[in-house]
Amino acid sequence: MGLISGLLLFPLAPVRGVSWIAEQLMDAADRQIHDPALIRAQLTALNKEFEDGHLSLEEFEEAEERLLDRLDEAGAGPGERSKAVHSWMREPR
């Protein structure tokens, strides 16, 4: 960037800074949403809430389906969804 363009674009520096911060926040949120380990932890917590009676069967199934869809989107592997479901079945209740 030359001296002239730097001077002309200087008033836009705060806008570019805010834009950069917004991009960083979006990247961090995207990484969290698609982190398979975090999604599995949320599935485990959801299962515990259901077993403790804090969720109805319908609420549990809806939340479970959303989390399993996110797990599929995260590209955790073709068998990850079934592994997550079967691991709950093996846990003592």
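Me: Which residues form a negative surface patch?
Reply: This is a predicted model. Asp and Glu count as negative here. Patch members need over 30% relative accessible area and no salt bridge. The negative surface patch is formed by Glu58, Glu59, Glu61 and Glu62.

Me: Is Glu58 buried or exposed?
Reply: Glu58 sits in helix α4. Its relative accessibility is 57%. The cut-off for exposed is over 50%, so Glu58 counts as exposed.

Me: Which side chains meet in a salt bridge?
Reply: Side chains of opposite charge can pair when their charged atoms come close. A search of the whole structure finds one salt bridge. Its N to O distance is 3.1 Å. The partners are Lys48 and Asp52.

Me: Is Lys48 buried, partly exposed or exposed?
Reply: Partly exposed covers the range between under 20% and over 50%. Lys48 has 49% relative accessibility. Its salt-bridge partner is Asp52, with a relative accessible area of 43%. Lys48 therefore counts as partly exposed.

Me: How do the planes of Phe50 and Phe60 lie, stacked or edge-to-face?
Reply: The count comes to one aromatic pair. The ring centres of Phe50 and Phe60 are 4.5 Å apart, and their planes are at 20 degrees. Planes under 30 degrees apart count as stacked, so the pair of Phe50 and Phe60 is stacked.

Me: Which helices hold Phe50 and Phe60?
Reply: The pair ties together parts that are 10 residues apart in sequence. Phe50 lies within residues 36–51 and Phe60 within residues 57–73. The helices are therefore α3 for Phe50 and α4 for Phe60.

Me: What is the relative accessible area of Phe60?
Reply: Phe50 is partly exposed at 24%. Phe60 is buried, a class that requires under 20%. The relative accessible area of Phe60 is 8%.

Note on methods. Residues numbered from 1 in each chain as written. Predicted model: local features only at pLDDT ≥ 70, side-chain atom pairs only at ≥ 80, totals over all residues. Heavy atoms only, no water. Phe/Tyr/Trp six-rings, centres within 6.5 Å; stacked < 30°, edge-to-face > 60°. Helix = DSSP H or I, 4+ residues; strand = E, 2+ residues; numbered from the N terminus. Buried < 20%, exposed > 50% of the residue type's maximum accessible area, 1.4 Å probe, protein only. Patch = residues over 30% accessible without salt bridge, like charges linked within 9 Å, V, L, I, M, F, W, Y side chains within 5 Å. Areas by Shrake-Rupley, 256 points an atom, 1.4 Å probe, with all protein chains shown as cover. Salt bridge = Lys/Arg side-chain N within 4 Å of Asp/Glu carboxyl O. Charge placed at Lys NZ, Arg CZ, Asp CG, Glu CD.
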